[in-house]
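Open the model in your viewer and keep the selection box at hand. The stops below run from one helix pair to another, with some loops and caps in between.

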Amino acid sequence: MTTRLASTIRCSGCDYVADPDDRFPFRCPRAGTDKADHVLTRVLDPAAARFPAAPVSSSGAAANPFVRYRALMHSHHAALARGISDAAYLDLVASLDAAVAATDGRGFRATPFFRSGALSDALGFSPAGGVWVKDETRNVSGSHKGRHLMGVLIHLAVLAQAGLLDPADRPDLAIASCGNAALAAAVLARAGGWRLTVFVPPDADPAIVSRLADLRAKVVACPRPPGVPGDPAYLRLREELDRGAVPFTTQGNQNGLAIEGGLTLGYELVTDLATSPSAAGPGQLDHLVVQVGGGALASACIQALREAADLGALDRLPRVHTVQTYGAHPLEQAYERVRELLPSTADPDPDPDAVRGAMARAAANRAEFMRPWPEPPRSVATGILDDETYDWRAVVEGMLLTGGRPLVVAEDSLVTANELAVAVTGIPVDPTGSAGLGGLLEMRRRGEVGDDDRVAVLFTGARR
Ligand SMILES: Cc1ncc(COP(=O)(O)O)c(C=O)c1O
């Protein structure tokens with residue numbers, strides 16, 4: 001490719017920049033060769049990027065976030081540079097989306113974002129403040145996870161269209177998950193015509209394993225060897241990737257491009273904040289509370305909001321808080337270790353340069369800051385029990401720069417939040433999906449969120 005691309009893929013942990021001709025710019029080649037935290041990130045060229053105007057119509061193709069926000073996607077930039085026209089790219093996204101709809105009964109559409117009057121009242125907010133809900137439960141395969149993987153699937157389809165993938169010699173896709181990410185991966189791999197291996201723990205939910213098999217995924221159970229820290233399914237995945245499989249994962253350190261697809265969720269928030277009559281204009285959100293497992297969701301939300309602010313589409317970022325459970329909170333521990341590096345450990349809004357300096361020091365020594373959780377974790381919020389927060393760096397930095405913080409939420413709050421969410425909104429969200437609301441309940445109880453504050457939570461997964 002000779003054309004300058006509107007985005008580059010760079011490592012956040014070293015000075016590596018992916019060659020524009022690299023077909024698989026997923027993982028930093030220096031990852032694992034030193035102590036640093038290497039995650040490839042799509043970086044926009046600010047001179048070339050523009051946040052898309054709000055759509056005139058919110059139906060049809062315009063409602064598909066991979067259509068609406070394509071000008072910000074690396075796959076679109078790479079397609080244009082490889083001689084694939086915008087119209088051909090739109091056809092490609094439309095045909096993949098139709099295949100997803102044929103497999104799962106629904107394709108990708110911007111999901112609802114609204115102020116829940118009933119939840120706002122139940123939590124004692126004033127009419128000026130309240131709880132805004134982003135409802136992902138009716139998204140593809142019942143969660144937000146497909147967003148991450150649709151971005152990767154489009155990237156692979158662009159490669160195929162550009163003649164850069166031999167149809168007779170396509171690599172397999174692989175993922176380690178026993179929940180929403182696996183289900184989304186299986187739907188999308190099937191829709192795209194890719195073979196997929198899913199590594200799961202031996203006690204994976206039989207209903208999920210059966211659905212994966214229906215979708216023609218190869219499922220491999222991975223027992224936990226006694227005394228070995230880290231997730232065994234994740235360790236098996238790494239072996240498979242080293243043998244040449246494509247990481248069809250929702251963890252940025254395995255596939256940085258997976259974060260990019262997740263950005264669509266944050267971009268939709270920005271568009272809705274700017275246009276929804278009940279949102280009273282852009283920049284009006286005070287807090288965003290996000291449940292964190294591997295950290296890709298929170299990383300993507302933070303990056304999307306920051307990019308929108310950089311491009312003038314958002315006045316200011318909300319404080320981004322994260323939610324983990326007492327069962328496993330490796331992110332909160334990493335955050336506390338990074339805070340120790342800052343001049344004042346109590347300052348709620350530390351100096352941005354000091355934050356960036358502390359993050360660079362921490363990322364140079366990943367294992368000292370992000371330590372795998374030592375025991376098999378348990379919680380009602382089963383989707384956020386990752387041993388490690390793989391995308392910890394972006395998330396810790398995002399919390400520190402926005403004045404947010406990590407919440408470790410008690411089981412009774414997670415259960416109360418879920419019952420309340422289902423009862424008052426009628427949305428069949430599961431306890432992982434409503435964990436952000438659990439964090440908000442605790443913050444309200446402690447007086448950390450005011451009556452007039454405007455808070456967003458993400459209902460990320462449906463009950464099964
Ligand atoms: C419903 C739901 N919400 C949130 C998360 C957390 O996302 P992440 O692992 O990217 O932090 C998960 C992860 O599995 C999930 O299934």
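## Stop one: a helix crossing

Helix 9 and helix 10 cross in a right-handed sense. This is a predicted model. Select residues 257–275 for helix 9 and residues 296–310 for helix 10. The two axes lie 7 Å apart, at an angle of about 55°. That angle makes helix 9 oblique to helix 10.

Now show side chains at the crossing. Helix 9 contributes Ile 259, Gly 262, Leu 263, Leu 265, Gly 266, Tyr 267 and Val 270. From helix 10, pick Ala 296, Leu 297, Ser 299, Ala 300, Cys 301, Gln 303, Ala 304, Leu 305, Glu 307 and Ala 308. Colour this contact by class: 12 residues are nonpolar, four are polar and one is charged.

## Stop two: Thr 275 and Asp 286

Stay on helix 9 and select Thr 275, which lies in this helix. Which backbone oxygen does the side chain of Thr 275 reach? The partner is the oxygen of Thr 271, at 2.8 Å. A relative accessible area of 44% makes Thr 275 partly exposed, because that class runs between 20% and 50%. For a long view, add Val 449, which is 174 residues away along the chain. The C-alpha atoms of Thr 275 and Val 449 are 25 Å apart.

Next, move to Asp 286, in the loop between helix 9 and strand 9 (287–291). Is Asp 286 buried or exposed? Asp 286 counts as buried, because its relative accessibility is 19% and the limit is under 20%. Show what surrounds this residue. Beyond its neighbours within four places in sequence, Asp 286 contacts Arg 316, Pro 318, Arg 319, Asp 452, Asp 453 and Arg 454.

## Stop three: two enclosed helices

Select helix 14, residues 392–402. Nine of its 11 residues are buried, so helix 14 is largely enclosed by the rest of the structure. The buried set is Trp 392, Arg 393, Val 395, Val 396, Glu 397, Gly 398, Met 399, Leu 400 and Thr 402.

What covers them? Switch on helix 10, strand 10 (319–325), helix 11 (330–339), helix 12 (352–364), helix 13 (366–369) and strand 11 (406–409); the cover includes these elements. Step past the end of helix 14 to Gly 403, where phi is positive, near 75°.

Helix 11 is the next selection. Seven of its 10 residues are buried, so helix 11 too is largely enclosed by the rest of the structure. Pick out Pro 330, Leu 331, Glu 332, Ala 334, Tyr 335, Val 338 and Arg 339, the buried residues of helix 11. They pack against strand 10, helix 12, helix 13, helix 14 and strand 11.

## Stop four: positive phi outside glycine

Most residues other than glycine have a negative phi. Two exceptions are worth a click.

Select Ser 141, in the loop between strand 4 (130–135) and helix 5 (145–161). Its phi is positive, near 60°. Ser 141 is buried, with a relative accessible area of 4%.

Then go to Arg 216, in the loop between helix 7 (206–214) and strand 7 (218–221). Phi of Arg 216 is about 70°, again positive, just after helix 7. Arg 216 is exposed, with a relative accessible area of 62%.

While at helix 7, look at its N-terminal end. Which residue caps it? Asp 205 does, with a side-chain oxygen 2.9 Å from the backbone nitrogen of Ala 207.

## Stop five: another helix pair

Finish with helix 3 (residues 86–104) and helix 6 (residues 180–192). How do these axes meet? They come within 8 Å and cross at roughly 120°. Helix 3 and helix 6 are therefore oblique to each other. Their crossing is right-handed.

Show the side chains here. On helix 3, select Leu 96, Ala 99, Val 100, Thr 103 and Asp 104. On helix 6, select Val 187, Leu 188, Arg 190, Ala 191 and Gly 192. By class, this contact has six nonpolar, two polar and two charged residues.

Methods:
Residues are numbered from 1 along each chain as its sequence is written. This is a predicted model: local features need pLDDT of at least 70, side-chain atom pairs count only at pLDDT 80 or more; totals for chains, interfaces and linings use all residues. Side-chain values use heavy atoms; hydrogens and water are left out. Axes are lines fitted to C-alpha atoms, for helices over the stretch in contact, and angles run from 0 to 180 degrees between N-to-C directions. Helices (H or I, at least four residues) and strands (E, at least two) are DSSP runs, numbered from the N terminus. Angles under 35 degrees count as roughly parallel, over 145 as roughly antiparallel, 65 to 115 as roughly perpendicular and the rest as oblique. A crossing is left-handed if the near helix is turned anticlockwise from the far one by less than a right angle, and right-handed if clockwise. Contact means heavy atoms within 4.5 Å. Ala, Val, Leu, Ile, Met, Phe, Trp, Tyr, Cys and Pro count as nonpolar, Asp, Glu, Lys and Arg as charged, and the others, Gly among them, as polar. Buried means under 20% relative accessible area, exposed over 50%, partly exposed in between (1.4 Å probe, protein chains only). A polar contact is a pair of N or O atoms within 3.5 Å; within protein, one must be able to donate a hydrogen and the other to accept it, and residues adjacent in sequence count only if both atoms are side-chain atoms.
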